[in-house]
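Thank you all for coming; I would like to take a few minutes to walk through one model with you. Please have a look at it on the screen first, and then I will go from the overall picture to individual residues.

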Amino acid sequence: MRRAMDLAREAESAGEVPVGCVIVARDADGEAGTILGEARNSPIELLDPTAHAEMLALRQAALTSGNYRLQDATLYCTLEPCPMCAGAIVAARVKKLVFGARDLRFGGVRSKFQIADSPLLNHRVEVVEGVLGAEATALLQGFFATRRA
């Protein structure tokens, strides 16, 4: 999650909403292994409304692993994924999602919708929230405060 926070700060420096994401493969013992993908928010830079940190990291992780299914992976994100990203996380069969701050306006995992672990879908992601949540929230609040000033 620390690496995801670093990526979020990079996004902020680039004028993007400060969100970072890292996807890690788990070894047979369930311990953290190799980083499969990582990204920061880039929709402005890439002129792509889907260029959220999670989407870019998922694409990179699929290429790295040679498989679109990331069944033994954990995705770390500084902000609760939106509905688009939550759906992609389910489609990729990510095992575990760890996020920092809740997104009270657009959250697709806890705040507005419960997509990642919905019993209506064929795959349920294990969800852990609040990891470095205060730090992630402060970064986002600072970013938006300077935008409004």
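Of the contacts in the protein with a separation of 6 or more, what percentage is accounted for by residues 24 or more positions apart? In this model, which I should say at once is a predicted one, the figure is 55%.

Let me begin with the overall layout. The protein has five helices and five strands, and, read from the N terminus, the elements follow the order α-β-β-α-α-β-α-β-β-α. The radius of gyration is 14 Å, close to the 15 Å that the globule rule gives for 149 residues, so the protein is as compact as a globular protein of that length. Taken along the principal axes, the C-alpha atoms fill a box of roughly 50 × 30 × 30 Å. Of the 149 residues, 45% are buried, and the accessible surface comes to about 7,600 Å², with 55% of that surface belonging to carbon and sulfur atoms.

Now to the interior. The largest nonpolar core consists of 34 residues, and those with the most contacts inside it are Ile23, Leu58, Leu70 and Leu75. Among the elements that give two or more residues to this core are the helices H1, H3 (53-65), H4 (83-91) and H5 (133-148), together with strands such as E1 (20-26) and E3 (73-79). H3 provides the largest share of this core, namely five residues. Apart from this core lies another one, of seven residues, which include Ala4, Leu7, Val22 and Val98.

Leucine 75 is worth pausing on. If we set aside residues up to four places away in sequence, leucine 75 touches, among others, Cys21, Val22 and Ile23, as well as Leu58, Ile89 and Val98.

The helices come next, and I will take H1 before the others. For the 12 residues of H1 (residues 2-13), a rise of 1.5 Å a residue should give a span of 16 Å, and the end C-alpha atoms are 17 Å apart, which agrees. The buried residues of this helix are Ala4, Met5, Leu7, Ala8 and Ala11, and because they cover an arc of only 160 degrees around the axis, they are on the same side of H1. Just after H1 comes glycine 15, which takes a positive phi of about 85 degrees.

H3, with its 13 residues, reaches 18 Å from its first C-alpha to its last, close to the 18 Å expected at 1.5 Å a residue. Its buried residues are Ala53, Glu54, Met55, Leu56, Ala57, Leu58, Ala61 and Ala62. Glycine 66 follows H3, and its phi is positive as well, near 75 degrees.

In H5, the 16 residues should span 22 Å at 1.5 Å a residue, and the end C-alpha atoms are indeed 22 Å apart. Which residues of H5 are buried? They are Gly133, Ala136, Leu139, Leu140 and Phe143, and they cover an arc of only 135 degrees around the axis, which puts them on the same side of H5. What covers these buried residues includes H1, E3 and E4, while the face of H5 turned away from its buried side carries the exposed residues Ala134, Gln141, Thr146 and Arg148.

Let me turn to a strand residue, isoleucine 35, which is found in E2. Isoleucine 35 is partly exposed, with a relative accessible area of 42%. Leaving aside its neighbours within four places in sequence, isoleucine 35 is in contact with Val22, Ile23 and Val24. Isoleucine 35 and threonine 74 are 39 residues apart in sequence, and their C-alpha atoms are 9.6 Å apart in space.

Finally, a word on the backbone. Most residues other than glycine have a negative phi. Leucine 47, however, has a positive phi of about 50 degrees, and phi of arginine 93 is also positive, near 60 degrees. Leucine 47 sits in the loop between helix H2 (43-46) and H3, whereas arginine 93 lies in the loop between H4 and E4.

Are these two residues, leucine 47 and arginine 93, buried or exposed? Leucine 47 has 76% relative accessibility and therefore counts as exposed, whereas arginine 93, at 17% relative accessibility, counts as buried.

Note on methods:
Residues numbered from 1 in each chain as written. Predicted model: local features only at pLDDT ≥ 70, side-chain atom pairs only at ≥ 80, totals over all residues. Heavy atoms only, no water. Helix = DSSP H or I, 4+ residues; strand = E, 2+ residues; numbered from the N terminus. Expected span 1.5 Å × (residues − 1). Buried < 20%, exposed > 50% of the residue type's maximum accessible area, 1.4 Å probe, protein only. Arc of directions from axis to C-beta. Rg over C-alpha atoms; globule rule 2.2 N^0.38 Å. Contact = heavy atoms within 4.5 Å. Areas by Shrake-Rupley, 256 points an atom, 1.4 Å probe, with all protein chains shown as cover. Core = buried A, V, L, I, M, F, W, Y, C linked by side-chain atoms within 4.5 Å.
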